[in-house]
Amino acid sequence: MTYEAVLFEKREHVAILTLNRPDRLNAIGPAIRSDVHAAVGEAHKDDNVRALIITGAGRGFCSGADLTTAAIGASPPPLPTDQNSLLDDMGWVGRWAHLFFDFDKPLIAAVNGVAAGAGMSMALACDLRVGSELARFKTVFIERNLSPDSGMSYFLPRIVGYSRAADLIFTSRAVGAEEAYRLGLLDRLVAHDTLVDEAVKLAHDMAGWPPMALRASKRVLQKNMTADLDDALRRESVNLGFARKAVNDSRESIRSFAEKRKPTYTGT
């Protein structure tokens, strides 16, 4: 499939989605929204893709919602009249957050520059963030007379804790790469020239494991973040069953260990 506002490539079992509006720091307009939804859906459906990386072209990772006149129009869009739209209590920002959170394969943000507003939320919704020395985070919302949206109020305190999230949201101050790594906004800090290659290497490390067990592991980890112990244990039991449905990979894990060789997993 070809895309207008993003680049999408596959390297063995790893897909790379690059936001490709560098002149606007990859701000989220209608074209990027549509293409990102489609590309993430393509990666989800493709069993050969076992991990996905999201990054940005040019100087920015993603500067948030596109507020230019070209993107939002000279006047507000007409209010919807169909019932489904009128009953939609999330809007595009809610669907944006769910798009990444619901992707049940490893999802890595390769943060190459500024990640602001909904762009920062997108990075936070990923499982891991690899950044370069040029990475910078900014919550932005309060500067636009807005409270956080696109999942930021959910993801940020779970990553850095409540008080640090309050600091970043209430002040909207910029956080550079070194502080972002110290706070936990970045999980890996690497040289800018090797950013994507390092993210791909990390993704390949994950993609080398049994894909059904990998996806089940993500599901159980995500859902058990807010579960009590009994519900967590039940969910673990259910997801063990999902992983074991890949019977060939179960056999391969035992055989490769016994034969002292590197395993090859197929997801079957």
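A salt bridge is a side-chain nitrogen of Lys or Arg within 4 Å of a carboxyl oxygen of Asp or Glu. The exercises below apply this and related ideas to a predicted model, which holds 18 salt bridges.

**Exercise 1.** Decide whether Arg11 and Asp197 form a salt bridge, and find which parts of the chain the pair ties together.

*Solution.* Begin with the distance: the side chains of Arg11 and Asp197 meet at 3.5 Å, N to O, and the limit for a salt bridge is 4 Å, so the pair qualifies. Next, locate the two residues: Arg11 lies in strand S1 (residues 6–11) and Asp197 in helix H9 (residues 195–207), so the salt bridge ties together parts that are 186 residues apart in sequence. Finally, consider the accessibility of each partner: Arg11 is partly exposed at a relative accessible area of 29%, and Asp197 is also partly exposed, at 48%.

**Exercise 2.** Determine whether Lys218 and its salt-bridge partner Asp127 are buried, partly exposed or exposed, and state where in the chain each of them lies.

*Solution.* The closest N and O atoms of Lys218 and Asp127 are 2.8 Å apart, and the two residues form a salt bridge. This pair links distant parts of the chain, with Lys218 in helix H10 (residues 211–223) and Asp127 in the loop between helix H5 (118–125) and strand S7 (128–131), 91 residues apart. For the accessibility, recall that buried means under 20% relative accessible area; Lys218, with 7%, is therefore buried, whereas Asp127, with 32%, is partly exposed.

**Exercise 3.** Describe the salt bridge between Arg182 and Glu179, and name the network to which these residues belong.

*Solution.* Arg182 and Glu179 form a salt bridge whose closest N and O atoms are 3.7 Å apart. Both residues lie in helix H8 (residues 177–183), where a separation of 3 residues is about one turn of the helix. Arg182 is exposed, with a relative accessible area of 54%. Through salt bridges that share partners, Asp167, Arg173, Glu179 and Arg182 are joined into one network.

**Exercise 4.** Work out how helix H4 is oriented relative to H5, and which residues make the contact.

*Solution.* The axes of H4 (residues 91–101) and H5 come within 8 Å and cross at roughly 25°. Angles under 35 degrees count as roughly parallel, which makes H4 roughly parallel to H5. The crossing in which H4 passes H5 is right-handed. On the side of H4 the contact is made by Trp92, Trp96 and Phe100, and on the side of H5 by Ala118, Met122 and Ala125. Sorted by character, the contact residues are 6 nonpolar, no polar and no charged.

**Exercise 5.** Carry out the corresponding analysis for helices H6 and H7.

*Solution.* The axes of H6 (residues 152–160) and H7 (residues 162–171) come within 7 Å and cross at roughly 130°, so H6 and H7 are oblique to each other. Their crossing is right-handed. H6 contributes Met152, Leu156, Pro157 and Val160 to the contact, while H7 contributes Tyr162, Arg164, Ala165, Leu168 and Ile169. The contact residues divide into 8 nonpolar, no polar and 1 charged.

**Exercise 6.** Describe the surroundings of Thr18.

*Solution.* Thr18 has its place in strand S2 (residues 14–19), and its relative accessible area of 11% means that Thr18 is buried. Leaving aside residues up to four places away in sequence, Thr18 touches Ala5, Val6, Leu7, Thr55, Gly56 and Ala57.

Methods. Residues are numbered from 1 along each chain as its sequence is written. This is a predicted model: local features need pLDDT of at least 70, side-chain atom pairs count only at pLDDT 80 or more; totals for chains, interfaces and linings use all residues. Side-chain values use heavy atoms; hydrogens and water are left out. Helices (H or I, at least four residues) and strands (E, at least two) are DSSP runs, numbered from the N terminus. Buried means under 20% relative accessible area, exposed over 50%, partly exposed in between (1.4 Å probe, protein chains only). Axes are lines fitted to C-alpha atoms, for helices over the stretch in contact, and angles run from 0 to 180 degrees between N-to-C directions. Angles under 35 degrees count as roughly parallel, over 145 as roughly antiparallel, 65 to 115 as roughly perpendicular and the rest as oblique. A crossing is left-handed if the near helix is turned anticlockwise from the far one by less than a right angle, and right-handed if clockwise. Contact means heavy atoms within 4.5 Å. Ala, Val, Leu, Ile, Met, Phe, Trp, Tyr, Cys and Pro count as nonpolar, Asp, Glu, Lys and Arg as charged, and the others, Gly among them, as polar.
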